[in-house]
Amino acid sequence: MEYSVSRSKRKSITIYVKDGKISVRAPLKTDFKVIDNFVASKEIWILRKLAESSDRMKRYSDVFEGREFPYFGKRLVPRVTDKKRIWSNDEYLFVPQEFYSNGVFVCSDLFLAAVKKYYMREAKSYLGERLKEIGEHYGFSYSNFSLTNAKSKWGSCDSANRIRLNWRLIMLPKSLCDYVAVHELMHTVEHNHSRNFWKGVATIYPRYKEAISCLKDAGMLINLWR
Ligand SMILES: [Zn+2]
């Protein structure tokens, strides 16, 4: 099995499987043989993770290859519009003529930049509005809302109660956008992941565990159009 190793000041060896690749983190002076034996002992687990990962990659191949566009949990397909700007409905992503060549849609870098702009604009208004609604309804207050392009987080809330939501959230179902909003709003009163925090989340969003697993499952989308 091929894997990459990164060494750091840490106490134990850990294996990560992501996007079909195996990486190992190990303490600074661990013998290569020790690492190899450790990896070999985890072979069944690694193979299972690799299978899951390739399954996911297959499921998202139409999205990553620019044939479908995830939008609030749906997959939009491109369709030409006479308008000068990108817009969408429940089924289609309407694309201006300029992104077509001889009647065929071309998913160019220029197009992806335009679609990203469209998504960010929609994200700013939808997520901002929703955060405000949920916050007001449950009596949370936060100091500021902005979008983020983070690679590993769907949202964050800092010690000054500034909430940031990843603009790619609007690729996911609205129920998951709500979960992340609730999660970050709860951080305005509990700046940690203590029992109290989760208790609070559960009172507002009882099926939060299901949401967390769906977010994990859709995790690849956080890397889309980088
Ligand atoms: Zn959190």
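In this predicted model, strand 2 and strand 3 make a hairpin, with 2 residues sitting between them. One residue of that turn, Asp 19, takes a positive phi of about 50°. The two arms of the hairpin, strand 2 at residues 14-18 and strand 3 at residues 21-27, run antiparallel and are joined over 5 bridges. Going along the pairing, Thr 14 ends up opposite Arg 25 of strand 3, while Tyr 16 has Ser 23 as its bridge partner.

The side chains of strand 2 take turns. Ile 15 and Val 17 point to one face and are buried. Thr 14, Tyr 16 and Lys 18 point to the other face and are not buried. So Tyr 16, the bridge partner of Ser 23, is on the face of strand 2 that is not buried, given the under 20% cut-off for relative accessible area.

The hairpin belongs to something wider. Strands of a sheet pair through backbone hydrogen bonds, in either a parallel or an antiparallel sense. Here, 3 strands build an open sheet in the order 1-3-2, and the pairing is mixed. Strand 1 (4-8) and strand 2 take the edges with a single partner strand each, so one side of each has no neighbour in the sheet. On average, neighbouring strands in this sheet are turned by 25° against each other, if direction is ignored. Helix 2, residues 43-59, lies across strand 2 and strand 3, and its run makes an angle of about 25° with strand 2.

Helix 2 and strand 2 turn up again at the largest pocket, where both give two or more residues to the lining. Rolling a probe the size of a water molecule over the atoms shows where empty space is left. The largest pocket holds about 1,100 Å³ of space. It is lined by 34 residues, and those closest to its centre are Lys 18, Ser 152, Leu 215, Lys 216 and Gly 219. Lys 18 is the residue already met in strand 2, on the face that is not buried. Other elements that give two or more residues to the lining include strand 11 (155-157), helix 5 (174-187) and helix 7 (208-217). The biggest share comes from helix 2, with 6 residues.

That leaves the metal site. The zinc ion is coordinated through the NE2 atoms of His 183, His 187 and His 193, at 2.0 to 2.1 Å. Along the chain, these donors are spaced as H-x3-H-x5-H. His 187 has a relative accessible area of 8%, which means that His 187 counts as buried.

Note on methods:
Residues numbered from 1 in each chain as written. Predicted model: local features only at pLDDT ≥ 70, side-chain atom pairs only at ≥ 80, totals over all residues. Heavy atoms only, no water. Donors = N, O, S within 2.8 Å, 3.2 Å for Na, K, Ca; no water. Buried < 20%, exposed > 50% of the residue type's maximum accessible area, 1.4 Å probe, protein only. Helix = DSSP H or I, 4+ residues; strand = E, 2+ residues; numbered from the N terminus. Pairing = 2+ DSSP bridges. Axes fitted to C-alpha atoms, helices over the stretch in contact; angles between N-to-C directions. Contact = heavy atoms within 4.5 Å. 1 Å grid on protein atoms, 1.4 Å probe; cavity = no way out; pocket = protein on both sides within 12 Å on 5 of 7 lines; lining within 4 Å. Points joined across faces, edges and corners; volume = space filled by probe spheres on them.
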